[in-house]
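Reader: I should like to learn how to read the metal site, the pockets and the nonpolar cores of a model such as this one. Where should one begin?

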Amino acid sequence: MQSMLNIKYMECIVINGSPIGIGKINFDLTEEERKNILDLRYIKKIEHNDPLISENSSIFKDKKLERIENIMSGCVEEYKDKILQIKNKLRLVHSWSTINNNTNHKLHAHKNSLISCSFYLESEGKNKIIFKVGKSILEKCHYLDYDIKEYNAFNSENLTINIDKGMIVIFLSDLEHESINKGKKIMFGSNYFITGKLGKQEKYTYLEI
Ligand SMILES: [Fe+2]
């Protein structure tokens, strides 16, 4: 398992109150890992110029990918502990791989998940992920055509992150995003959901998931 000490930084950018954790890892795929990833079966949806996406949505069941899984789950735990500040336990619910070559992934969010993680194992060229909230918190108050001095967490409808190799981007799964790639990249995605006991009997909120 790669140590958390290899994280160069983990910063938090906020859009409309929704926190996006961004980390940078000193990371290189081993030749064997790269071969295992390329040997996965992929689906290609030609009509949308989508990336190749692994047919399997539980790729981390394969122990050959355990090193990558551990890096991602370690960063997600840090996001949960230090940014969300919740004690609840998480469990992995989905894991997949995409291969991008001048492909775009249209706007979407991740259902049946609380926290999502994207790990960019390789990236060459100009690749970006764009988060979109529709209306900024300022526009939700009054939907006016404001004259913005400087875009920030309160007045922005979009947030663009340029992708480099080794970057990890962690976000709440309901946050809509798209990716636009003018280059090549290999990404691993993973989704996590709360597990265990929540709430209290006396508050009529007890739930075990
Ligand atoms: Fe996504």
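Author: Begin with what counts as a donor: an N, O or S atom within 2.8 Å of the metal, with the wider limit of 3.2 Å kept for Na, K and Ca. Water is not among the atoms, so a site may look incomplete. Please note also that this is a predicted model.

Reader: Which residues coordinate the iron ion, and through which atoms?

Author: The iron ion is coordinated at 2.1 Å by the NE2 atoms of H108, H110 and H177. Along the sequence, these donors follow the spacing H-x1-H-x66-H.

Reader: Are H108 and H110 buried or exposed?

Author: Buried, in both cases; the term requires a relative accessible area under 20%.

Reader: How should the largest pocket be read, and which residues are closest to its centre?

Author: A pocket is an open set of grid points, whereas a cavity is one from which the probe cannot get out. Here the largest pocket has a volume of about 510 Å³. Its lining comprises 26 residues, and those closest to the centre are I53, W96, H105, H108 and H110. H108 and H110 are thus also among the iron donors. Strands 4 (52-54), 5 (89-101), 6 (104-108), 7 (115-132) and 10 (176-195) each give two or more residues to this lining, with strand 10 giving the most, five. By character, the lining has 12 polar, eight nonpolar and six charged residues.

Reader: What is the volume of the second largest pocket, and how does its lining divide?

Author: The volume of the second largest pocket is about 160 Å³. Helix 1 (31-38), strand 5, strand 7 and strand 10 each give at least two residues to its lining. Six lining residues are charged, three are nonpolar and two are polar; among them are R34, E122, E124, K165, K184 and K185.

Reader: What general idea guides the reading of a nonpolar core?

Author: In soluble globular proteins, nonpolar side chains tend to be buried together. The largest core in this model has 28 residues, of which I37, I68, M72, F119, L121, I168 and F188 touch the most other members. Helix 2 (66-84) gives the most to this core, with six residues. Leaving aside residues up to four places away in sequence, I68 touches F27, L29, E33, I37, F60, F119, L121 and F188.

Reader: How many residues form the second core?

Author: This separate core has 15 residues, including W96, F131, F171 and L175. W96 is also one of the residues closest to the centre of the largest pocket.

Definitions and conventions:
Residues are numbered from 1 along each chain as its sequence is written. This is a predicted model: local features need pLDDT of at least 70, side-chain atom pairs count only at pLDDT 80 or more; totals for chains, interfaces and linings use all residues. Side-chain values use heavy atoms; hydrogens and water are left out. On a 1 Å grid over the protein atoms alone, a cavity is a set of points where a 1.4 Å probe fits but cannot get out, and a pocket is an open set with protein on both sides within 12 Å along at least five of seven lines; lining residues have an atom within 4 Å of a point. Grid points are joined across faces, edges and corners, and a volume is the space filled by probe spheres set on the points. Helices (H or I, at least four residues) and strands (E, at least two) are DSSP runs, numbered from the N terminus. Ala, Val, Leu, Ile, Met, Phe, Trp, Tyr, Cys and Pro count as nonpolar, Asp, Glu, Lys and Arg as charged, and the others, Gly among them, as polar. A nonpolar core is a set of buried Ala, Val, Leu, Ile, Met, Phe, Trp, Tyr and Cys residues joined through side-chain atoms within 4.5 Å. Buried means under 20% relative accessible area, exposed over 50%, partly exposed in between (1.4 Å probe, protein chains only). Contact means heavy atoms within 4.5 Å.
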